[in-house]
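Student: Please take a close look with me at one part of this model, the interface. I would like a connected explanation that I can follow step by step with the structure open in front of me.

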Protein chains: 2
Amino acid sequence: MPITAAANAAAAPESLLASLRWRAAIKKFDAQKKIPAPAWNALEESLVLAPSSYGLQAEKFFIVDDPALRAKLRPAAWDQAQITDADKLVVLCVKKDFGEADVDRFVERVSEVRKLPVAALEPYKKMMLASAQLPPERVAAWLTRQVYIALGVFLTTAAALGVDACPMEGFDKDKFDEILGLPAKGWNSVVLAAAGYRAADDAYASQAKVRFPREQVVAHL
Amino acid sequence: MPITAAANAAAAPESLLASLRWRAAIKKFDAQKKIPAPAWNALEESLVLAPSSYGLQAEKFFIVDDPALRAKLRPAAWDQAQITDADKLVVLCVKKDFGEADVDRFVERVSEVRKLPVAALEPYKKMMLASAQLPPERVAAWLTRQVYIALGVFLTTAAALGVDACPMEGFDKDKFDEILGLPAKGWNSVVLAAAGYRAADDAYASQAKVRFPREQVVAHL
């Protein structure tokens, strides 16, 4: 059943803002501290619930739990300690060779969830196919941008839950793909998010947050 | 002063999840309902606080308040009603012709906020310049992806605050740029976010949310 507005207990703006200000790209995690199951469940679910163009969800999230795999990945990410020390490591991926079969799979899912005949979704499907049949590199770029929405959703959810995270673009995508066997599964790595808790001596968390003043970043027209 | 962990009052995972489930890409906004100032302030600030690669913030957010401008934009966005009816319309933009001057401006800001001599930031600057001096289309694609993080942050913050929003890629970027005079200001439009409150008869909000099952979207390795 859809959730109505009344079911949504809104957070207070000040407390959410405090969470967003507290958030920092943590470089040094406390390797002993684990994310409680309810918070991690919400974080995984936030990835599933992240919006994407047309709702296509041409994305998948691999959580690397195996310490041996994490150790193998670390040299392919400039030997950054987050790879092995954060409680969780998420590899955010985009569908490889996205095409008509993927659109069909999505249309079938819409039909199933909304109890609509597939034929009724034909105009919607045509629109999506027009996007999916652009040159492959444009399709990949478009769907990769959607993965970054999920990254933003994940980081904000983590902050609101008091969980530390670190978004990471500094890694060798080809090596990650190879080590994790992603292309054979139909996926390509896009970006990483480590999650856990900051170490007491993390050098970054204690530094002042650098942002341009709001009047330079937001303008009214 | 940096905010410590203790200052961050974490949200309950269940209430945050309820907000994320309540969220939907609202197509029909109630044109009469306005976002209260504290919530809108937090939403603007969430855009400023959104993380980006190296922290570069090669992005700007134009809020279109002028109803005449909104009316002019609407035909360039498939005549979608959100453009004129949502309380707020954010045009998320990426820096045009990003280059060394932008890196310098950022380094100066880091120096100012963290009270460090610019010379101490030289290695950091070299790394950023290496990224900024890739072929222009790659730089633009990389920085455009960062804008999508901000979109994810904004949509999640809105949901947590009980504010409705709609991300929109379906618009003519060149026409938006021209109508708003963005390139002359140094920016290019990337994606839109309308924000406000759903109309009681919004057809989408009452439909079941379509997502693939979590076991197809999240995998453990």
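Tutor: Let us begin with how the copies meet: 100% of the interface residues of chain B are also interface residues in chain A, so the two copies come together through the same surface. Please keep in mind throughout that this is a predicted model.

The arrangement of the chains comes next. A turn of 180 degrees, with a shift of 0.0 Å along the axis, lays chain B on chain A with an RMSD of 0.0 Å. The copies are thus related as by a two-fold rotation axis, and the C-alpha of chain B that is nearest to this axis belongs to Gly152(B), which is 2.1 Å from it. For the background of a single copy, chain A has 10 helices and 5 strands, and its C-alpha atoms fill a box of roughly 60 × 45 × 40 Å along the principal axes. Of its 221 residues, 43% count as buried, and among the contacts in chain A between residues at least 6 apart in sequence, 83% join residues at least 24 apart.

Now to the interface itself, to which chain A and chain B give 76 residues each. On the side of chain B that touches chain A, the elements that contribute two or more residues are α1 (13–22), α2 (37–49), β1 (59–63), α5 (100–114), α7, α10 (214–217) and β5 (218–220) of chain B. The largest share of that side, 14 residues, comes from α7(B). Sorted by kind, the residues on this side of chain B are 47 nonpolar, 16 polar and 13 charged.

Helix α7(B) deserves a pause of its own. Its 26 residues should span 38 Å at 1.5 Å a residue, and because its end C-alpha atoms are 38 Å apart, the model agrees with that expectation. The helix is mostly covered, with 19 of its 26 residues buried, and just after it Gly162(B) takes a positive phi of about 75 degrees.

From the helix we can move to the core. In soluble globular proteins, nonpolar side chains tend to be buried together. Here the largest nonpolar core has 132 residues, and those with the most contacts inside it are Leu92(A), Ala193(A), Ala194(A), Leu92(B), Ala193(B) and Ala194(B). The largest share of this core, 13 residues, again comes from helix α7 (residues 136–161) of chain B. To see what such a position looks like, select Ala193(A): apart from neighbours within four places in sequence, Ala193(A) is in contact with Val90(A), Leu92(A), Leu151(A), Phe154(A), Leu155(A), Ala165(A), Cys166(A) and Pro167(A).

The strands add a further link between the chains. Strand β1 (residues 59–63) of chain A runs parallel to β5(B) and is joined to it by 3 bridges, and the partner that Ile63(A) finds in β5(B) is His220(B). In the other direction, strand β5 (residues 218–220) of chain A pairs with β1(B), also in the parallel sense and over 3 bridges, where Ala219(A) has Phe62(B) as its bridge partner. Strand β1(B) also pairs inside chain B, with strand β2 (residues 88–95), this time in the antiparallel sense over 5 bridges. In that pairing, Phe61(B) is matched with Leu92(B), a residue already named among those with the most contacts inside the core. It may help to know that β1(B) is mostly covered, since 4 of its 5 residues are buried.

Finally, look at two loops next to elements that contribute to this side of chain B. Most residues other than glycine have a negative phi, and most peptide bonds are trans. Tyr54(B), which is not a glycine, nevertheless has a positive phi of about 60 degrees, and its place is in the loop between α2 and β1 of chain B. Because Tyr54(B) has 20 C-beta neighbours inside 10 Å, it counts as buried. Lys115(B), also not a glycine, has a positive phi of about 50 degrees and is found in the loop between α5 and α6 (122–132) of chain B. With 8 C-beta neighbours inside 10 Å, however, Lys115(B) counts as exposed.

Notes. Residues numbered from 1 in each chain as written. Chains lettered and ligands numbered in written order. Predicted model: local features only at pLDDT ≥ 70, side-chain atom pairs only at ≥ 80, totals over all residues. Core = buried A, V, L, I, M, F, W, Y, C linked by C-beta atoms within 7 Å. Buried ≥ 20, exposed ≤ 12 C-beta atoms within 10 Å, placed from the backbone. Contact = placed C-beta atoms within 7 Å. Nonpolar A, V, L, I, M, F, W, Y, C, P; charged D, E, K, R; others polar. Pairing = 2+ DSSP bridges. Least-squares fit on C-alpha atoms with pLDDT ≥ 70 in both. Expected span 1.5 Å × (residues − 1).
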